[in-house]
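Colleague: Before I accept any label, I want the cut-off behind it. Please show me the model and take my questions in turn.

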Amino acid sequence: MRVVIVGGRSRADYLMGALAETVDTVVAINDDRRFCEYLSSRHDGTVIWGNGMKLAVLEEAGIAGFDAIVALTGLDADNLAICQVAKKFLGIRIQLCIVSNPENTAIFRQLGVTAAISATATLAQAIRGALELPDPVGAKARAATAAAVAAAEAGNGEGDGADGTADDEEDPGAPSPFRSILGSWHHLGKERR
């Protein structure tokens, strides 16, 4: 499994460490030179100083055909662009990103991103769970995200079938480094009609 992380600060640092023992290759791309030096001093993975929004930087990083990309910039539009470029031009089959606006999770999914993660929506879900309040979209959204990731991991690149389930069933016994990450990250937000 080969993963590239674009942008981010503490999240990128944490993910590099968390994924180091479970994936074959971890590459981090960041436009802050000092932070790249910091990451290089802490982790064995490859760290590249450059703008991860630029296709040329991504191509020079040698990440074409990687299994997954994680976009962690502070801007939703940048994360969407990174995921779409990775999918269309670099053949990266799993795209994960963070979003600041919880309502963007549904939009990003409709635009083909495997999973968009909103810390705000995840926190709201945790609060509802702790207070034992009903979760109006959580179960359906988690099922949709799990199906999309399972389909991407299976390699069919399509996502959900017509009935909202994964096209291929996942082997529940097969280990996946993304299960630990996605276990607490859910596709949330109200879908607008």
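Colleague: In what order do the elements of the protein run?

Modeller: From the N terminus they go β-α-β-α-β-α-β-α-β-α-β-α-α-α. In total there are eight helices and six strands. Helices are DSSP runs of H or I with at least four residues, strands are runs of E with at least two, and both are numbered from the N terminus. This is a predicted model: local features need pLDDT of at least 70, side-chain atom pairs count only at pLDDT 80 or more, and totals for chains, interfaces and linings use all residues. Residues are numbered from 1 along each chain as its sequence is written, and side-chain values use heavy atoms, with hydrogens and water left out.

Colleague: What makes the six strands a sheet, and in what order do they stand?

Modeller: Two strands pair if DSSP finds at least two bridges between them. Strand 1 and strand 4 have four bridges, in the parallel sense, so they pass that criterion. Within this pair, Val-6 stands opposite Ala-71 in strand 4. The six strands form an open sheet in the order 3-2-1-4-5-6, with parallel pairing.

Colleague: Why are strand 3 and strand 6 said to stand at the edges?

Modeller: Strand 3 (46-49) and strand 6 (115-118) each have a single partner strand, so one side of each lacks a neighbour in the sheet. On average, neighbouring strands of this sheet are turned by 15 degrees against each other, direction ignored.

Colleague: Which strands does helix 1 touch, and which does helix 4 touch?

Modeller: Contact means heavy atoms within 4.5 Å. Helix 1 packs on the sheet and touches strand 1, strand 2, strand 3, strand 4 and strand 5. The direction of helix 1 makes about 170 degrees with that of strand 1. Helix 4 also packs on the sheet, touching strand 1, strand 4 and strand 5. Its direction makes about 175 degrees with that of strand 5. Axes are lines fitted to C-alpha atoms, for helices over the stretch in contact, and angles run from 0 to 180 degrees between N-to-C directions.

Colleague: Why is Val-27 called buried?

Modeller: Buried means under 20% relative accessible area, exposed over 50%, and partly exposed in between, with a 1.4 Å probe and protein chains only. Val-27 has 3% relative accessibility, so it counts as buried. Val-27 sits in strand 2 (residues 25-30). Its C-alpha atom is 4.6 Å from that of Val-4, 23 residues away along the chain. Beyond four places in sequence, Val-27 touches residues including Val-3, Ile-48 and Phe-66. Of the 193 residues of the protein, 46% count as buried.

Colleague: What makes a group of residues a nonpolar core?

Modeller: A nonpolar core is a set of buried Ala, Val, Leu, Ile, Met, Phe, Trp, Tyr and Cys residues joined through side-chain atoms within 4.5 Å. The largest one has 24 residues, and Val-4, Ile-29, Ile-63, Ile-92 and Cys-97 touch the most other members. Strand 1, strand 2, helix 3, strand 4, helix 4 and strand 5 each supply at least two residues. Helix 4 gives the most, six residues. Ile-63 is in contact with Val-4, Val-27, Ile-29, Leu-58, Leu-90 and Ile-92, leaving aside neighbours within four places in sequence. Apart from this core lies another, of 21 residues, among them Val-3, Val-26, Val-47 and Leu-72.

Colleague: How do you know that Asp-32 forms a salt bridge with Arg-9?

Modeller: A salt bridge needs a side-chain nitrogen of Lys or Arg within 4 Å of a carboxyl oxygen of Asp or Glu. In the Asp-32 and Arg-9 pair the closest N and O atoms are 2.7 Å apart, so the criterion is met. Asp-32 is in the loop between strand 2 and helix 2 (33-42), and Arg-9 is in the loop between strand 1 (2-6) and helix 1 (10-19). Asp-32 is partly exposed at 28%, and Arg-9 is partly exposed at 46%. The structure holds four salt bridges.

Colleague: What does the salt bridge of Asp-13 with Arg-42 tie together?

Modeller: The closest N and O atoms of Asp-13 and Arg-42 are 3.1 Å apart. Asp-13 lies in helix 1 and Arg-42 in helix 2, so the pair ties together parts 29 residues apart in sequence. Asp-13, at 12% relative accessibility, counts as buried.
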